[in-house]
Amino acid sequence: MSDPITILGGGIVGLCVATELTARGVPVRICENGDVPGPQACSWWAAGMLAPFCEGESAEEPVVRLGQEAADWWERQGVRVIRNGSLVVALGRDRRELARFARRTDGHRALDAHAIAEMEPDLGGRFSEALAFEDEAHITPRAALAELWDGLVARDVEFTKDQPTSGRIIDCRGLAAQDTLKDLRGVKGEMVILRSNEVKLHRPVRLLHPRFPLYVVPRGDGVFMLGATQIESGERTRPTVRSTLELLTAAFALHPAFGEAEILEIGVDARPAFPDNLPRIRRRGQRIFVNGMFRHGYLLAPAMARQVADLICDDLKPEMMDEDHGEW
Amino acid sequence: MATFYGTEVSSRLMLGTAQYPSPAILADAFKRSGAGIATVSVRREAGSDKAGNAFWDLIKDLGVAVLPNTAGCHSVREAVTTAHMARELFDTDWIKLEVIGHMDTLQPDPFALVEAAKILTEDGFKVFPYTTEDLIVGEKLLQAGCEVLMPWGAPIGSGLGLSNIYGLRSIRAQFPDISMVIDAGLGLPSQAAAAMEMGFDAVLLNTAVAKAGDPALMAEGFAQAVVSGRMAYDADPMEPRDMAAPSTPLIGKAFL
């Protein structure tokens, strides 16, 4: 085999592509300036929900279909995938949001108050209706990234800070690739990590609200991630008071005991996205770009990595490829 | 043609640009509706260094007039600062002035609105104030230099339609020569048609289209309703009456 392919970026996409390629015997090295895994990657701040059906409420069809590969892929990498499904609820006056959500998604079952209490005892008595998406799952993002890193190190993949000057490159830099991909934009997201020993949840819970939609993902040991705002801005710093207030207020509405929770972290970054919020593979010369995961990094990176590997190993044109000017 | 501050606008439908599933769907909705004006918020997106530029460039590419707004502002000072930023970003002196007075209903704060309108018109802005149907507030806004009024149909995002028909008829009648846009609260095309039939110059909506299952289709539905409603207004509709009025003559039939 020739020289290793250089993968630019050690975030979710870079690590998934590297994992998929090395598994197929293609040598790679990873070029990343920060720590791997590290907070410079927007996947560090993600929720880790593998919820293709829920995402179908506003995402295009490929997200729902390709996202269904994710849970099995992560499990194959040795990542702990919690297959407890997800739960969607709405407060009394927003209950009609639940009907709308149900109309626009598949793979759910309606729950009454009794069934909610059985599934999530701490939410019992607080909601009279909910939707259960039983085929969904979640993972802990930072643990998943660390697992991929371990696997790559075990396969002797080199991690370097030296920028390549030539050779074949897979560019997985996320928003930083804006310098070349002119239609890439940032969508700012803010999140909060809390610890509460008073609330127990077994699966991600989405609270529908016309203005402040929120999800809470249990991370175990009383740790919860609240996410996430979605603002049309490429700003990667500066979580605002308003956004944090919205997230915390929604958590408090989900369960008042969150009022006494400890705030562990407030995080912010911008997700890389193309105009239709779908990911893309593009080949220009000796460089393949994989980008635009938007809010679907953990959900779609496995499918995108598979498509890139199919292209490199078997010359199969990826479904999500919209540009090919390659001399690979 | 509707005219705002001397500028003729081809479509009487104005669309907001928030909450769409993606910018691509937003662009489809504009294309299919032929909307003439796009409103865009800048307060929250601006960040510390015009970080919203990528999205704003997409809006500029829609090829329609841009009406930046001060959504998310709760005080005169915030609104004035945001308006200045918007003028620089979009190179326009148009500003849709929103000063929110109540978090839950997003009702405008009429006192702060009038004050901000005065400051901005003196500073050369062409102000489109988001207001209630209150006549006195309307009058004060006109005195402050506004040449357009944008009374609400119902609270923002509620989809309730025209919740105070009497008040809206009354403000339309009170200021017959002022360009007036029903802004906010519309959920269905029939409500937009009703507003146009009442003689309003245009309607502005966002959520009803952005949150529809098929935003582009809903946008087209609204566009047709706006055209129909305006046609009805221009056609001088019949007056409703309590008794049936047969459309064919009854001569020759016995009165029973």
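**Stop 1: the second largest pocket**

Start with an open space: the second largest pocket of this predicted model has a volume of about 830 Å³. How do you find where empty space is left? Rolling a probe the size of a water molecule over the atoms shows it.

Now select A:Ile12, A:Ala41, A:Cys42, A:Ser43 and A:Pro272; among the 49 lining residues, these lie nearest the centre of the pocket. Next, colour α1 (12–23), β10 (185–195), β14 (262–273), β16 (287–291) and α9 (297–314) of chain A, the elements that each give two or more residues to the lining. Which one gives the largest share of the lining? That is β14(A), with five residues.

Try colouring the lining by class, too. You should get 26 nonpolar, 14 polar and nine charged residues.

**Stop 2: α1 and α7 in chain A**

Keep α1(A) on screen, since it helps line the pocket, and add helix α7, residues 141–154 of chain A. The two pack at an angle of about 40°, and their axes are 10 Å apart. That angle is why α1(A) counts as oblique to α7(A). Is the crossing left-handed or right-handed? For α1(A) and α7(A) it is left-handed.

Show the side chains where they touch. From α1(A), pick A:Ile12, A:Leu15, A:Cys16, A:Ala18, A:Thr19 and A:Thr22; from α7(A), pick A:Leu145, A:Leu148 and A:Leu152, which they meet. You've already seen A:Ile12 as one of the residues nearest the pocket centre. By class, this contact has seven nonpolar and two polar residues, with no charged ones.

**Stop 3: backbone oddities in chain A**

Time to look at the backbone. Select A:Val36 and A:Pro37: a cis peptide bond joins them, with omega about -10°. A:Pro37 sits in the loop between β2 (28–31) and β3 (49–50) of chain A.

Then jump to A:Gly227 and A:Ala228, where you'll find a cis peptide bond with an omega of about -25°. Here A:Ala228 belongs to the loop between β13 (223–227) and α8 (241–254) of chain A.

Step back along the chain to A:Asp221. This residue isn't a glycine, yet its phi is positive, at about 55°. Look for A:Asp221 in the loop between β12 (214–220) and β13 of chain A.

**Stop 4: α1 and α9 in chain B**

Switch to chain B and select helix α1 (residues 23–33) together with helix α9 (residues 215–234). Their axes come within 8 Å and cross at roughly 25°. Because of that angle, α1(B) is roughly parallel to α9(B). The crossing here is right-handed.

Which residues of α1(B) make the contact? Light up B:Ile25, B:Asp28, B:Ala29, B:Arg32 and B:Ser33. On the α9(B) side, the partners are B:Pro215, B:Ala216, B:Leu217, B:Ala219, B:Glu220 and B:Ala223. Sorted by class, the contact of α1(B) with α9(B) has seven nonpolar, one polar and three charged residues.

**Stop 5: α7 and α9 in chain B**

Leave α9(B) selected and bring in helix α7, residues 189–197 of chain B. The axes of α7(B) and α9(B) come within 7 Å, crossing at roughly 25°. So α7(B) is roughly parallel to α9(B), and it passes α9(B) in a right-handed crossing.

For the contact, show B:Pro189, B:Ala192, B:Ala193, B:Met196 and B:Glu197 of α7(B). Across from them, α9(B) contributes residues including B:Met218, B:Phe222, B:Val226, B:Arg230 and B:Tyr233. What does the class count look like for the contact of α7(B) with α9(B)? Expect ten nonpolar, two polar and two charged residues.

Methods
Residues numbered from 1 in each chain as written. Chains lettered and ligands numbered in written order. Predicted model: local features only at pLDDT ≥ 70, side-chain atom pairs only at ≥ 80, totals over all residues. Heavy atoms only, no water. 1 Å grid on protein atoms, 1.4 Å probe; cavity = no way out; pocket = protein on both sides within 12 Å on 5 of 7 lines; lining within 4 Å. Points joined across faces, edges and corners; volume = space filled by probe spheres on them. Helix = DSSP H or I, 4+ residues; strand = E, 2+ residues; numbered from the N terminus. Nonpolar A, V, L, I, M, F, W, Y, C, P; charged D, E, K, R; others polar. Axes fitted to C-alpha atoms, helices over the stretch in contact; angles between N-to-C directions. Parallel < 35°, antiparallel > 145°, perpendicular 65-115°, else oblique. Left-handed = near helix turned anticlockwise from the far one by under 90°. Contact = heavy atoms within 4.5 Å.
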